[in-house]
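Hi everyone, thanks for coming. Let's have a look at today's structure together, so please bring it up on your screens.

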Amino acid sequence: MVTLLDSVANYYNDFFIERRDRRSEHLPLAGSPVLIVGIVFVYLYFVLRYGPRRMANRKPYNVLHMIKFYNLFQVTANVILFLRICYNVFLLYEKFSFRCQPIDYSKSRVGMDEVYFSYAYFLLKLFDLADTVFFVLRKKQSHVSFLHVYHHSFMVLTTYCALIFVPGGHVLLLGLWNTLVHAIMYFYYFLTSLGAQNNSIWWKKYLTRLQLMQFVHLAFHFGRPLFGGNCNFPMFWLWYGFLQAIIVLGLFLDFYIKTYKHQDNNKLTEKQV
């Protein structure tokens with residue numbers, strides 16, 4: 001047992017302390033992975049077990065004002081980060097390579113910008129967990145789907161690892177895409193929180209299509225250097241990004257087919273009747 005514990009401790013020390021990017025270790029929540037794993041565990045326990053049981057015999061909480069503020073915050077934060085990443089990718093870099101962009105591990109302006117972009121993006125993924133908490137508090141447990149919980153929990157763990165191992169470089173396009181999509185998505189949520197009906201927002205379906213387009217491009221973005229070769233970016237993270245894009249694309253495609261094809265079939269039936 002002692003030998004096993006020593007091996008685990010040595011592995012932890014080698015992987016999460018010795019090999020990590022030291023430039024971010026002073027940032028809040030960017031230290032030990034134990035805290036982040038704990039946050040995800042508490043999140044899963046609350047939204048899947050404790051929360052539903054707690055709310056079973058209670059009335060839904062009125063958190064509408066909190067949700068409005070939360071949605072506005074998410075729109076603002078995602079737009080700001082999207083514009084800042086755009087500025088660096090398209091203007092500040094001498095030549096950003098969409099085929100294979102290496103990470104700048106220096107403390108230059110570009111290198112540190114990538115660290116802070118990664119950190120800000122990681123914090124946004126932590127804030128995203130509040131979505132599910134609001135569902136539980138409002139007794140909307142049907143919204144707590146496998147896709148929703150899987151995506152939110154894995155994004156927290158993924159962005160934490162990206163921050164301490166691969167902050168920037170080829171993964172910047174993930175942040176660029178995701179902040180754009182989330183800015184539009186939370187604006188849609190804000191409109192619904194003001195009382196707009198889901199079927200009155202004509203571009204709801206196109207938002208899901210934009211999400212699908214995002215994952216198609218990200219699969220290509222991470223897959224291109226994988227199969228093209230000669231890329232100075234960690235191979236493990238290229239594979240991870242590629243496989244995650246494929247998995248989430250499949251989940252979102254399943255959601256799209258079940259949601260919108262079902263609606264279209266109902267409308268067609270109504271017209272025939």
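So, here's something to chew on while you turn it around: which helices each supply at least two residues of the lining of the largest pocket? Keep that in mind for a moment.

One thing up front: this is a predicted model. Okay, the overall picture. The chain has 9 helices and 0 strands, so if you walk along from the N terminus, you just read α again and again, through to α9. There are 273 residues in the chain, and 45% of them are buried. As for contacts with a separation of 6 or more, 79% of them link residues 24 or more positions apart. On the outside, the chain exposes about 15500 Å², and carbon and sulfur atoms supply 66% of that.

Now, the pocket. Rolling a probe the size of a water molecule over the atoms shows where empty space is left. Here, the largest pocket comes out with a volume of about 1300 Å³.

Back to my question, then. The helices are α3 (64-92), α5 (130-137), α6 (146-165), α7 (172-193), α8 (204-228) and α9 (235-272). Of these, α7 gives the largest share of the lining, with 9 residues.

And who's in there? The lining of this pocket counts 44 residues, and if you zoom in on its centre, the ones lying nearest are F135, H143, H148, Y188 and Y189. Sorted by class, the lining has 20 nonpolar residues, 18 polar ones and 6 charged ones.

That's my tour, thanks for listening!

Methods
Residues numbered from 1 in each chain as written. Predicted model: local features only at pLDDT ≥ 70, side-chain atom pairs only at ≥ 80, totals over all residues. Heavy atoms only, no water. 1 Å grid on protein atoms, 1.4 Å probe; cavity = no way out; pocket = protein on both sides within 12 Å on 5 of 7 lines; lining within 4 Å. Points joined across faces, edges and corners; volume = space filled by probe spheres on them. Helix = DSSP H or I, 4+ residues; strand = E, 2+ residues; numbered from the N terminus. Nonpolar A, V, L, I, M, F, W, Y, C, P; charged D, E, K, R; others polar. Buried < 20%, exposed > 50% of the residue type's maximum accessible area, 1.4 Å probe, protein only. Contact = heavy atoms within 4.5 Å. Areas by Shrake-Rupley, 256 points an atom, 1.4 Å probe, with all protein chains shown as cover.
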